[in-house]
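Here is a short briefing to read alongside the structure. Have a look at the fold first, and then let's walk through it together.

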Amino acid sequence: MSSSKSQSSNKSFVYREFGNDNSAATERTIPELPPQQQNLKVQASRKGRKGKTVTVVSGFQAKPETLTDLVKQLKTQCGTGGTLKDNEIEIQGEHKQKVVEILTKLGYKAKISGG
């Protein structure tokens, strides 16, 4: 009976492997490259968005703080909403040309990809 009591006190997770410290696994180190060395792809996508078009900018190698500032800047200049998901920027609507112009002014190498 004593073994069941010790298991019930530890209900925070179901299964854990290889020790208690997993902070190194969840923390990714992303090298911060200057804008001139980053090759970005800008494309319009509807996949998984119930038919709504979004402009997706991918290929970033920057810290999340840098990307959040960039998302804010793109959203205000395009006059629409957007978000940062999985190191990609999503801007609502089809703004491929405008996003490429903004990114090149900021010093990034950006290309329109896809049809």
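In what follows, a residue is called exposed when its relative accessible area is over 50%, buried when that area is under 20%, and partly exposed in between. With those cut-offs, Glu-65, Asp-69, Lys-72 and Thr-76 are exposed on one side of α3, the side away from its buried residues. Please keep in mind that this is a predicted model.

**Overall layout**

- The protein contains four helices and five strands.
- Along the sequence, these elements follow the order α-α-β-β-α-β-β-α-β.
- Of the 115 residues, 24% count as buried.
- Among contacts with a separation of 6 or more, 52% link residues that are 24 or more positions apart.
- The protein exposes about 8500 Å², and carbon and sulfur atoms supply 49% of that area.

**Helix α3, a helix with two sides**

- Helix α3 covers residues 64-78, and its 15 residues should span 21 Å at 1.5 Å a residue; the end C-alpha atoms are 21 Å apart, which agrees.
- Which residues of α3 are buried? They are Leu-67, Leu-70, Val-71, Leu-74 and Cys-78.
- These buried residues cover an arc of only 105° around the axis, so they sit on the same side of α3.
- An α-helix has 3.6 residues a turn, so residues three or four places apart point the same way.
- The partners of the buried residues of α3 are β3 (82-85), β4 (88-92) and α4 (96-105), against which they pack.
- Just after α3 comes Gly-79, with a positive phi of about 70°.

**The nonpolar core**

- In soluble globular proteins, nonpolar side chains tend to be buried together.
- Here the largest nonpolar core has 18 residues, and Val-57, Phe-60, Ile-89 and Leu-103 have the most contacts inside it.
- The elements giving two or more residues to this core are β1, α3, β4 and α4.
- Of these, α3 gives the most, with five residues.
- What does Val-57 contact, leaving aside its neighbours within four places in sequence? Its partners are Leu-40, Lys-41, Val-42, Glu-88, Ile-89, Val-99 and Leu-103.

**Val-100 in helix α4**

- Val-100 belongs to helix α4 and is buried, with a relative accessible area of 11%.
- Not counting residues up to four places away in sequence, Val-100 touches Val-42, Ala-110, Lys-111 and Ile-112.
- Val-100 and Lys-41 are 59 residues apart along the chain, yet their C-alpha atoms are separated by 9.0 Å.

**Salt bridges**

- How many salt bridges does the model hold? The count comes to two.
- One of them pairs Glu-90 with Arg-49, with 2.9 Å between the closest N and O atoms.
- Glu-90 lies in strand β4 and Arg-49 in the loop between β1 (39-45) and β2 (54-58), so this pair ties together parts that are 41 residues apart in sequence.
- Is Glu-90 buried or exposed? Glu-90 is buried because its relative accessible area, 10%, falls under 20%.
- Arg-49 is partly exposed, with a relative accessible area of 22%.
- Another salt bridge joins the side chains of Glu-94 and Lys-96, at 4.0 Å from N to O.
- In this pair, Glu-94 counts as exposed at 54% relative accessibility, whereas Lys-96 is buried at 14%.

**Positive phi in the loops**

- Most residues other than glycine have a negative phi, and most peptide bonds are trans.
- Against that background, Lys-50 is worth a look: its phi is near 55°, a positive value in a residue other than glycine.
- Lys-50 lies in the loop between β1 and β2, and is exposed with a relative accessible area of 83%.
- Asn-87 also has a positive phi, near 65°, and is likewise a residue other than glycine.
- Where does Asn-87 lie? Asn-87 is in the loop between β3 and β4, where it counts as partly exposed at 26% relative accessibility.

Terms used: Residues are numbered from 1 along each chain as its sequence is written. This is a predicted model: local features need pLDDT of at least 70, side-chain atom pairs count only at pLDDT 80 or more; totals for chains, interfaces and linings use all residues. Side-chain values use heavy atoms; hydrogens and water are left out. The expected span of a helix is 1.5 Å times one less than its number of residues. Buried means under 20% relative accessible area, exposed over 50%, partly exposed in between (1.4 Å probe, protein chains only). The arc is that of the directions from the helix axis to the C-beta atoms. Contact means heavy atoms within 4.5 Å. A nonpolar core is a set of buried Ala, Val, Leu, Ile, Met, Phe, Trp, Tyr and Cys residues joined through side-chain atoms within 4.5 Å. Accessible areas come from the Shrake-Rupley method with a 1.4 Å probe; for residues, only the protein chains shown count as cover.
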